[in-house]
Amino acid sequence: MIYESHDANAPTATRPRLLPWSNLDGNPCCLITDDTGTSRLSRMADDVEAVQLGMAGDLLAHAADLLGDDKATGPQLRFLAARLTESLHDVHRVARSRGTRLPVPDGAGGS
């Protein structure tokens, strides 16, 4: 990931934040801010992440129902797989974004 900070000692607020959306070309968008993560764009990203995680939970519930239905058709299952793939992509991006913003524990620095 090219946007990852190489300075483990940098405060988390100054590390680039991977945003939960891409640009028009599909490339990742990052936010670099010197505040505490309470800017308007940071709050918007938090809201989008919350929606994405909520939708993932709803989709998992739907998937459990559909997979338990013996009458589910191939096209229905392929559609479900496509939506699950999209959702997993979003959740993975949220996890990466949040993981890079965690403080580095003392003594956990690299060589």
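**Figure 1. Burial of Arg 17 in the predicted model.** Arg 17 of this predicted model has a relative accessibility of 5% and is therefore classed as buried, the limit for that class being under 20%. Arg 17 belongs to strand β1, which spans residues 17-22. Two acidic residues of helix α1 pair with the side chain of Arg 17: Asp 46, with an N to O distance of 2.7 Å, and Glu 49, with the closest N and O atoms 3.4 Å apart. Side chains of opposite charge can pair when their charged atoms come close.

**Figure 2. The salt bridge between Arg 17 and Asp 46.** The side chains of these two residues meet in a salt bridge at 2.7 Å, N to O. The pair connects distant parts of the chain, since Asp 46 lies in helix α1 (residues 40-67) and Arg 17 in strand β1 (residues 17-22), with their positions 29 residues apart in sequence. A polar contact between the side chains of Asp 46 and Arg 17 is also found, at 2.7 Å. Asp 46 has a relative accessible area of 32% and so counts as partly exposed, whereas Arg 17 is buried at 5%. The C-alpha atom of Asp 46 is separated by 8.9 Å from that of Leu 19, a residue 27 places away along the chain.

**Figure 3. The salt bridge between Arg 17 and Glu 49.** Here the closest N and O atoms are 3.4 Å apart. This pair, too, links distant parts of the chain: Arg 17 is in strand β1 and Glu 49 in helix α1, 32 residues apart. Glu 49 is buried, because its relative accessible area is 1% and the class requires a value under 20%. Both Glu 49 and Arg 17 thus fall in the buried class, Arg 17 having a relative accessibility of 5%.

**Figure 4. The salt-bridge network around Arg 17.** Salt bridges link Arg 17, Asp 46, Glu 49, Arg 98 and Arg 101 in a network. Across the whole structure, a search finds 5 salt bridges. Among the members of the network, Glu 49 of α1 and Arg 98 of α2 also take part in the contact between the two helices.

**Figure 5. A salt bridge within helix α2.** Glu 86 and Arg 83 join their side chains in a salt bridge with an N to O distance of 2.8 Å. Both residues lie in helix α2, separated by 3 residues, or about one turn of the helix. Glu 86 is partly exposed because its relative accessibility is 42%. Arg 83 is likewise partly exposed, with a relative accessible area of 26%. Arg 83 is also one of the α2 residues in contact with α1.

**Figure 6. Packing of helices α1 and α2.** Two packed helices are described by the angle between their axes and the distance between the axes. For α1 and α2 the angle is about 145°, and the axes lie 9 Å apart. The crossing of α1 past α2 is left-handed. On the α1 side, the residues that make the contact include Leu 53, Ala 56, Leu 59, Leu 60, Ala 63, Leu 66 and Leu 67. On the α2 side, they include Leu 77, Leu 80, Leu 84, Val 91 and Val 94. Polar and charged residues also contribute, among them Gln 52 and His 62 of α1 and Gln 76 and Asp 90 of α2.

**Figure 7. Ser 87 in the contact between the helices.** Ser 87 is located in helix α2, which covers residues 74-100. With a relative accessibility of 13%, Ser 87 counts as buried. When neighbours within four places in sequence are left aside, Ser 87 is in contact with Ala 56 and Leu 59. Ala 56 and Leu 59 are both among the α1 residues that make the helix contact, and Ser 87 is among those of α2.

**Figure 8. Pro 28 in strand β2, with the overall chain as context.** Pro 28 lies in strand β2 (residues 28-31) and, at 30% relative accessibility, is partly exposed. The C-alpha atoms of Pro 28 and Leu 18 are separated by 7.1 Å, the two residues being 10 apart along the chain. The chain has 2 helices and 2 strands, arranged in the order β-β-α-α from the N terminus. Of its 111 residues, 21% count as buried. About 7,800 Å² of the chain is exposed, 59% of it supplied by carbon and sulfur atoms. Among contacts between residues at least 6 apart in sequence, 52% join residues at least 24 apart.

Conventions: Residues are numbered from 1 along each chain as its sequence is written. This is a predicted model: local features need pLDDT of at least 70, side-chain atom pairs count only at pLDDT 80 or more; totals for chains, interfaces and linings use all residues. Side-chain values use heavy atoms; hydrogens and water are left out. Helices (H or I, at least four residues) and strands (E, at least two) are DSSP runs, numbered from the N terminus. Buried means under 20% relative accessible area, exposed over 50%, partly exposed in between (1.4 Å probe, protein chains only). Contact means heavy atoms within 4.5 Å. A salt bridge is a side-chain nitrogen of Lys or Arg within 4 Å of a carboxyl oxygen of Asp or Glu. A polar contact is a pair of N or O atoms within 3.5 Å; within protein, one must be able to donate a hydrogen and the other to accept it, and residues adjacent in sequence count only if both atoms are side-chain atoms. Accessible areas come from the Shrake-Rupley method with a 1.4 Å probe; for residues, only the protein chains shown count as cover. Axes are lines fitted to C-alpha atoms, for helices over the stretch in contact, and angles run from 0 to 180 degrees between N-to-C directions. A crossing is left-handed if the near helix is turned anticlockwise from the far one by less than a right angle, and right-handed if clockwise.
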